[in-house]
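Visitor: I should like a close look at a single part of this protein, namely the largest cavity. Please describe what surrounds it.

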Amino acid sequence: MEDHLPQAVRVERRPVSEQESRHANGPDWDRYADEYQATHGAFLGDAGFVWGPEGHTEDELQVLGDVTGLDVLEVGSGAGQCSRWVRTHGGRGFGLDLSHRQLQHSLRLDAETGVAVPSVRGTATDLPFAAASFDIVFCSFGALQFVRDIEQALAEVARVLRPGGRFAFSITHPTRWMFPDDPGEPGLTATQSYWDRTPYVEVDDATGVVSYVEHHRTLGDWVRLLASGGFTLTDLMEPEWPEHHDRVWGGWSRTRGLLTPGTAIFVARLAG
């Protein structure tokens, strides 16, 4: 979940490589990590599990089910809040993130909470774990939207999961691609095609270096990707905006959330 507010950039819509995406988004999160944790840390909880800006938690939604005694990998773990929740609920949570600075925040929370999450720096397209190591792999607004080679990322998830294992992830709801990333009234008017999958790219004006990339897939794209990757889709959640929730987070707000979905949560099982 990123309310991305870079300094001086120009926006482009063009194809990018996986390497270009990775080299942009890792340093971007390194720059943004301190502000992100300072702004959203209390909302997320040091050992909390929030699935999206709407504030729905794993305790409420039960996406993963009972994690007691299970090996659980979080891809795009940030400061490890969700994995720390897994450990406080009897599971063996492990984290992976592309950002060195986010992992430093994870170490800080390990020390502050007394609940340590073993974490590594890595990418979703090359998970540094043995085959069939985990019962569950999940991703809460991390990694997947920033990966170009998504088929490779899903193949890696399938490789590290045990047969019948669960894969769950939340992303910005694909229909949001049509609208400006604005929490106010302008964010309710469609300005581009839902079917235009050209990546969103930000280029640093001072250096000309790509500083941020986000990739779009439609709902149908995700269903086909999961099916072709050996997964069976068991649920697709589109959490509604809570009645008394007034938090603005980037383009997520009550103004938009009461009318259009902001988050999609996919739940799938690997063939057993």
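Guide: A cavity here is a set of grid points where a 1.4 Å probe fits but cannot get out, and its volume is the space filled by probe spheres set on the points. The model under discussion is predicted. A search of the whole structure finds one cavity of 30 Å³ or more, and the space in the largest cavity comes to about 450 Å³.

The wall of this cavity may be considered next. Its lining consists of 33 residues. Those that lie nearest the centre of the cavity are G76, D97, F141, G142 and A143. Several elements of secondary structure take part: the helices α1 (18-44) and α3 (81-88), together with the strands β2 (71-75) and β3 (92-97), each supply at least two residues of the lining. Among the contributors, α1 provides the largest share, with eight residues. Sorted by class, the lining of the largest cavity has 15 nonpolar residues, 14 polar residues and four charged residues.

For context, the second largest pocket may be set beside this cavity. About 150 Å³ of space lies in that pocket. Its lining is formed by P15, V16, R148, R197, P199, H215, H216, R217 and D221. By class, three of these lining residues are nonpolar, two are polar and four are charged.

Notes. Residues numbered from 1 in each chain as written. Predicted model: local features only at pLDDT ≥ 70, side-chain atom pairs only at ≥ 80, totals over all residues. Heavy atoms only, no water. 1 Å grid on protein atoms, 1.4 Å probe; cavity = no way out; pocket = protein on both sides within 12 Å on 5 of 7 lines; lining within 4 Å. Nonpolar A, V, L, I, M, F, W, Y, C, P; charged D, E, K, R; others polar. Helix = DSSP H or I, 4+ residues; strand = E, 2+ residues; numbered from the N terminus.
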